[in-house]
Amino acid sequence: MPEEKKPSSLVANVLKDLKVDVKELTARGGRLVSKSPKQYFQLDPHSGNVLLKDRIDREALCGQKDPCVLLSEIVLENPLQVHRMEVEIQDVNDNPPQFSKKEFLLEIPEQTPLNTRFPLERAKDADRGENTVQNYILSSDDHFRLDVQSHGDGTKYAELVLEKELDREENAQSFLILSAIDGGTPKRTGTAKIIIHVLDNNDNVPQFHQSLYKVKVMENSQPSTPVAKVEATDRDFGSNADIIYSFGEVPENVLRFFKLNKQTGELIVAGTIDYEEDKNYAMDIKATDGGGLSSHCKVIVEVEDRNDNAPEVTVTSITSPFPEDSPQETVAAVFSVTDQDSGDNGRTSCSIEANLPFMLKASENNYYQLVTQQPLDRERVSEYNITITATDKGSPRLTSTRIINIQISDVNDNSPIFEKSSYEMQLQENNIPGLLIGLVHAKDLDMEQNAKLTYSLLPGKVSDQPVSSYVSINSETGNLYAIRSLDYEQVKDFQVTVRAVDSSSLPLSSEVMVQVVVMDENDNAPFILYPLQNGTSPSNDLVPRGAEAGYLVTKVVAVDRDYGQNSWLSYELLKATDPGLFNVGAQNGEVKTMRPINKRDSFKQKLIIGVRDNGHPSQSTSATLSILLVDGFSDPYMKIVDTPKEEVVEEEDRNMTLYLVICLAAISFVFLISVVVFIAIKIQKRRKFIESSALNFPVGPNFPENCGNADDGSLSRAYNYEVCLAGGSLNSEFKFLRPVFPVFSLGPAQNQGDSRTSSHHTEDQIRSQVRRIDLT
């Protein structure tokens with residue numbers, strides 16, 4: 001339809017296109033929805049006519065956009081149908097061509113070469129097509145003619161061509177009339193005066209490196225972003241070669257969005273460039289030298305679309321509250337999705353959350369229907385806040401959301417549900433009676449009285465006592481309280497069963513198990529197992545004076561009835577007769593010597609060892625040890641060879657068990673042999689007493705003794721043997737027994753050799769006497 005038509009003018013009748021009659025159009029609630037901000041058309045449901053609602057000015061509505069199309073949609077319901085309607089607004093010749101100024105000044109130097117062209121400003125015509133400027137006419141002149149040409153887009157422009165040389169002395173100024181004529185009916189004309197000043201001497205015009213610059217700029221580029229740089233040169237010298245750049249004939253929006261550096265010719269962004277507003281900008285840039293000569297070039301800036309517009313979700317209709325028993329694929333809402341961007345940036349997809357009883361069904365023209373896909377249950381979900389997410393295909397992708405609230409209706413069919421399948425609560429021992437232990441909470445998905453719950457404890461026993469004597473529950477809140485004070489060492493945990501019942505006429509209930517864990521408190525001091533601290537005089541531990549540093553004296557063993565870190569024990573030496581002689585292992589309680597024992601150390605040593613647990617606050621106890629330092633004490637554990645400090649603890653622990661086993665086996669074996677030999681000897685003595693007496697074999701210490709020299713302090717080392725043998729005994733039946741434990745000599749080293757010699761001499765004498773007995 002043409003622009004400028006009167007309101008209520010008929011645009012079209014859509015009954016035939018919709019394939020409906022007037023009655024069906026009215027029954028299905030046919031309505032016209034405009035896609036433009038302003039409603040220009042209206043649908044008469046009684047006739048099917050689409051009427052003009054307001055006068056349309058094509059130039060104000062679309063500017064220079066061609067074609068100028070208004071989009072609308074006719075929506076029919078039951079069933080839902082959407083019909084797209086496009087109305088193209090045709091241009092009428094209602095605007096004459098206009099120049100930006102009434103007068104234009106051209107300064108042209110003399111000696112300008114013939115056929116030099118001077119671009120003239122184009123006249124603007126708000127109309128389109130044939131109604132825009134189609135021709136330019138110049139008043140007659142001897143020196144100039146007008147050359148009218150067309151751009152690639154079909155627009156006309158005029159250039160002033162010099163046909164005769166200028167002579168400033170003959171004619172310094174000329175006046176021309178430029179007329180622009182459009183192609184409408186009737187034709188309209190716009191005029192401007194051209195004043196030509198003839199300049200002297202400057203005979204070279206600036207020359208651009210390119211006559212056409214094509215550049216691209218990203219939408220929403222920051223201000224001062226470089227766009228392009230134009231360059232022109234002038235062969236003149238001095239001020240005639242100084243070039244000033246300026247915009248020529250440019251639209252107003254170019255001046256608003258771009259800025260040109262007059263000295264360098266650099267074109268930068270000055271405002272916010274929106275691809276949706278203009279996709280490209282064409283501008284004329286003039287280079288003028290110091291003598292007034294100028295030349296022009298054209299710059300075309302193409303705007304690249306940026307994905308800067310998120311999709312928009314528009315809800316057309318919604319049904320709420322929504323019946324709980326609605327069948328599947330019942331329509332709950334109708335909405336559309338639009339995006340102002342272009343290409344992939346404008347392509348959209350729509351989705352809702354997963355695991356919903358609703359789904360989306362795509363319709364025409366980006367319309368969607370929200371329909372049910374599963375049965376609804378109000379007790380499970382009483383309402384749905386459905387988030388509709390619309391996402392475009394741009395990079396980066398933009399997303400917008402729209403929340404639709406749908407209320408669902410109610411039935412009493414749900415038992416109470418506890419928040420947890422089981423509860424575990426902690427209670428510090430030695431608690432105050434009536435202390436809150438914890439909270440159990442259940443929910444009922446029903447409403448009002450059906451959702452009001454009462455809590456109670458089921459019968460049970462804790463340590464042969466009723467559970468009600470340990471805990472109680474608040475019937476309204478579900479708070480569990482301790483009735484008595486608990487001791488962790490007696491009751492470490494127990495279980496109670498809580499029941500929740502709703503208040504309906506036919507009550508429903510559920511149960512949950514509650515595990516109550518009693519937390520240990522550091523209320524027990526360490527107890528000494530060894531050495532016993534029973535009030536009697538403590539036992540004495542013997543330590544040889546020859547013990548070296550690191551010698552294990554004894555080990556303090558303690559326990560703690562508490563749990564966890566409250567039972568972790570540490571040992572320390574609180575008091576000692578000689579603090580520098582002994583130390584205590586902080587972790588194992590082992591008492592060891594810190595240095596070798598010397599003669600100056602006191603014979604009796606008393607140690608007080610403290611044992612402390614790791615609780616907060618900590619508790620402690622102490623043990624008293626009595627240690628006697630003795631001479632000549634045989635100790636198989638005493639270390640003869642010095643061991644490095646870092647190996648002492650490890651070596652003692654490794655060999656201690658081996659030593660104890662060997663000693664126990666040796667003692668047991670010696671004791672058994674001694675008993676057997678003693679019995680055998682006694683029996684044989686009685687049977688062979690007469691024969692043994694006839695031999696006159698000396699019994700007891702009848703052999704010479706090797707005594708040490710009293711002057712040099714050596715000790716004696718003699719062996720006494722008591723032997724009773726029969727007349728026919730063999731040599732193999734007689735064994736020489738050595739001491740189980742060696743007796744260490746305290747005398748000087750030089751006497752040891754004499755002792756050994758004396759010992760060997762005594763043994764040789766015994767052997768010779770035995771041989772005589774065998775021969776007899």
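Ser463 sits in the loop between strand 35 (461-462) and strand 36 (465-466), where helices (H or I, at least four residues) and strands (E, at least two) are DSSP runs numbered from the N terminus. Ser463 is not a glycine, yet its phi is positive, at about 55 degrees. This is a predicted model, in which local features need pLDDT of at least 70 and side-chain atom pairs count only at pLDDT 80 or more, while totals for chains, interfaces and linings use all residues. Residues are numbered from 1 along each chain as its sequence is written, and side-chain values use heavy atoms, with hydrogens and water left out.

**Backbone features**

Most residues other than glycine have a negative phi, and most peptide bonds are trans. Lys19 is another non-glycine residue with a positive phi, about 60 degrees. Lys19 is placed in the loop between helix 1 (15-18) and helix 2 (22-27). With a relative accessibility of 73%, Lys19 counts as exposed; here buried means under 20% relative accessible area, exposed over 50%, and partly exposed in between (1.4 Å probe, protein chains only).

Two cis peptide bonds are also worth a look. One runs from Thr185 to Pro186, with omega near -5 degrees, and Pro186 belongs to the loop between strand 12 (173-182) and strand 13 (189-199). Another runs from Ser320 to Pro321, with omega near 5 degrees; Pro321 is in the loop between strand 23 (312-318) and strand 24.

**A buried aspartate**

The next loop to visit holds Asp339, between strand 24 (331-338) and strand 25 (348-351). Asp339 is buried but has no salt bridge, and the nearest side chain of opposite charge, Arg397, is 11 Å away. For charges, Lys and Arg count as positive and Asp and Glu as negative, with His and the chain ends not counted. What does the side chain of Asp339 reach at 2.9 Å? The partner is the backbone nitrogen of Asp341. Apart from neighbours within four places in sequence, Asp339 is in contact (heavy atoms within 4.5 Å) with Asn309, Ala310, Pro311, Asn345, Gly346, Thr348 and Asp392.

**A loop residue with partners further along**

Gln64 is in the loop between helix 3 (58-62) and strand 5 (69-76). Its relative accessible area is 43%, so Gln64 is partly exposed. Outside its neighbours within four places in sequence, Gln64 touches Asp125, Ala126, Asp127 and Arg128. The C-alpha atoms of Gln64 and Arg128 are separated by 6.9 Å, although the two are 64 residues apart along the chain.

**Salt bridges**

Side chains of opposite charge can pair when their charged atoms come close. A salt bridge is taken as a side-chain nitrogen of Lys or Arg within 4 Å of a carboxyl oxygen of Asp or Glu, and by this rule the count comes to 16. The table shows some of these pairs, with the N to O distance and the relative accessibility of each partner.

| Pair | N to O distance | Positive partner | Negative partner |
|---|---|---|---|
| Arg84 and Glu86 | 3.0 Å | Arg84, 46% | Glu86, 52% |
| Arg256 and Glu277 | 3.7 Å | Arg256, 44% | Glu277, 47% |
| Arg612 and Glu572 | 3.9 Å | Arg612, 35% | Glu572, 36% |

Arg612 lies in strand 48 (residues 604-613) and Glu572 in strand 45 (residues 569-576), so this pair ties together parts that are 40 residues apart in sequence. The salt bridge between Arg256 and Glu277 links distant parts of the chain as well: Arg256 is in helix 4 (residues 252-257) and Glu277 in the loop between strand 20 (266-269) and strand 21 (280-288), 21 residues apart. Elsewhere, Arg117, Asp147 and Glu159 are joined in a network of salt bridges.

**A nonpolar surface patch**

Which residues form a nonpolar patch on the surface? They are Phe527, Leu529, Tyr530, Val557 and Val559, with about 430 Å² of accessible area together. Areas come from the Shrake-Rupley method with a 1.4 Å probe, and for residues only the protein chains shown count as cover. Patches are made of residues with over 30% relative accessible area and no salt bridge, joining like charges within 9 Å and nonpolar side chains (Val, Leu, Ile, Met, Phe, Trp, Tyr) within 5 Å.

Strand 41 (527-530) and strand 44 (557-559) each supply at least two residues of the patch, and strand 41 gives the most, with three residues. Val559 lies in strand 44 and, at 38% relative accessibility, counts as partly exposed.

Methods. A polar contact is a pair of N or O atoms within 3.5 Å; within protein, one must be able to donate a hydrogen and the other to accept it, and residues adjacent in sequence count only if both atoms are side-chain atoms.
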